[in-house]
Amino acid sequence: MRPTALPFVLLASLSILAAGRAAAQSGVKKIADIEYARSGADSLRLDLYEPENRSGGPVLVWLHGGGWENSSKAAIPARVLGLVGRGYTIASVDFLPASAARFPGQVLEIKAAVRFLRAQARTYGYDAARIGILGASSGAHLAALVGTSNGEPELEGTLGEYLDQSSAVQAIVSYFGASNLTTILDQSTPFGVGVRQPALIRLLGALPSEVEPLAKLASPVFHVDSTDPPLLLLHGDQDRQMPINQSHELEGAYERQGLDVDFIVVHDAGHGGDEFYAPAHFQRLVSFLDAELRPKRRRPGT
């Protein structure tokens with residue numbers, strides 16, 4: 001394991017332990033290893049965390065980080081899992097590592113998972129009319145890309161049994177994710193370049209400058225248009241691994257289209273950590289998701 005990857009892997013391991021304790025203590029019902037599609041001989045699976053009473057609330061898709069290569073669906077922060085207590089069902093999705101599914105492989109798999117979740121809403125008792133997608137680090141990049149590329153043939157694919165279902169999502173949450181792979185290395189610290197170069201080569205098969213059309217296809221900023229769903233960004237201003245300008249670029253792309261975007265700069269925070277789930281930030285997350293994913297209640301007489 002490369003030394004530069006250790007901090008994120010350690011944080012992910014702590015998240016796994018904390019999430020496991022939260023699930024055990026909060027009355028969350030977990031349904032593990034649900035197959036949502038197959039990719040060749042590989043079974044693609046997700047874990048479903050739902051309220052014990054199956055409240056029929058919205059569903060959220062969680063995408064783990066790990067440089068497009070490491071970690072798993074078990075790496076879900078305890079505070080994110082706490083959204084189950086607010087009536088949300090969470091699907092934590094596994095996808096093949098980039099070394100086994102070079103871009104756009106992971107995007108096609110995640111979109112198959114979204115279609116599966118829509119098709120199986122009655123089976124599992126949630127409301128899939130409006131789906132939110134959330135991710136951290138490389139998972140945030142994938143969440144933003146899935147959310148902004150709805151209907152683009154090169155990024156839809158034919159995985160899974162439910163091609164009649166939509167892969168659209170209605171809200172995106174990005175925790176310190178990439179948005180423009182053509183600028184990320186120029187924006188990075190020397191430490192960040194050491195982390196990002198091998199990860200980008202695994203994802204794209206080469207450095208972004210060597211495959212620029214593919215790098216643009218893999219960059220959410222080049223997909224943003226007036227139809228895209230609302231976006232919440234969180235990024236630490238001391239992040240040495242992922243330049244904060246990546247979130248600023250996506251914010252700017254949204255603003256130019258007149259779309260709803262909210263950017264929380266987490267002061268003195270690096271690449272992950274408890275600071276991102278502090279009460280004020282968590283409440284902003286809850287307010288954002290509630291506003292975008294819960295049906296608006298009509299006042300009497302309207």
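**Exercise 1.** What should the twelve residues of helix α9 (residues 245-256) span at 1.5 Å a residue, and how far apart are its end C-alpha atoms?

*Solution.* The model is predicted. The expected span is 1.5 Å times one less than the number of residues. For the twelve residues of α9 this gives 16 Å. The end C-alpha atoms of α9 are 16 Å apart, which agrees with the expected span.

**Exercise 2.** List the buried residues of α9 and the elements that they pack against.

*Solution.* Start with the helix itself: Gln246, Ser247, Leu250, Glu251, Gly252, Ala253 and Tyr254 are buried. Next, look at their surroundings. These buried residues pack against the helices α5 (138-148) and α6 (184-187), and against the strands β6 (171-175), β7 (231-236) and β8 (261-266). Finally, go past the end of the helix: Gly258 follows α9 and has a positive phi, near 70 degrees.

**Exercise 3.** Classify the crossing of α3 and α5.

*Solution.* The two axes come within 10 Å and cross at roughly 65 degrees. Angles of 65 to 115 degrees count as roughly perpendicular, so α3 and α5 are roughly perpendicular to each other. The crossing is right-handed. At the contact, Gln106, Val107, Ile110 and Lys111 of α3 meet Leu142, Leu145 and Val146 of α5.

**Exercise 4.** Describe the largest nonpolar core and the contacts of Leu63.

*Solution.* The largest nonpolar core has 61 residues, and Leu63 is among those with the most contacts inside it. Helix α3 (residues 105-119) gives the most to this core, with eight residues. Leaving out residues up to four places away in sequence, Leu63 touches residues including Val93, Phe95, Ile110 and Ile133. A second, separate core of 30 residues includes Leu60, Leu83, Ile90 and Tyr175.

Note on methods. Residues are numbered from 1 along each chain as its sequence is written. This is a predicted model: local features need pLDDT of at least 70, side-chain atom pairs count only at pLDDT 80 or more; totals for chains, interfaces and linings use all residues. Side-chain values use heavy atoms; hydrogens and water are left out. A nonpolar core is a set of buried Ala, Val, Leu, Ile, Met, Phe, Trp, Tyr and Cys residues joined through side-chain atoms within 4.5 Å. Buried means under 20% relative accessible area, exposed over 50%, partly exposed in between (1.4 Å probe, protein chains only). Helices (H or I, at least four residues) and strands (E, at least two) are DSSP runs, numbered from the N terminus. Contact means heavy atoms within 4.5 Å. Axes are lines fitted to C-alpha atoms, for helices over the stretch in contact, and angles run from 0 to 180 degrees between N-to-C directions. Angles under 35 degrees count as roughly parallel, over 145 as roughly antiparallel, 65 to 115 as roughly perpendicular and the rest as oblique. A crossing is left-handed if the near helix is turned anticlockwise from the far one by less than a right angle, and right-handed if clockwise.
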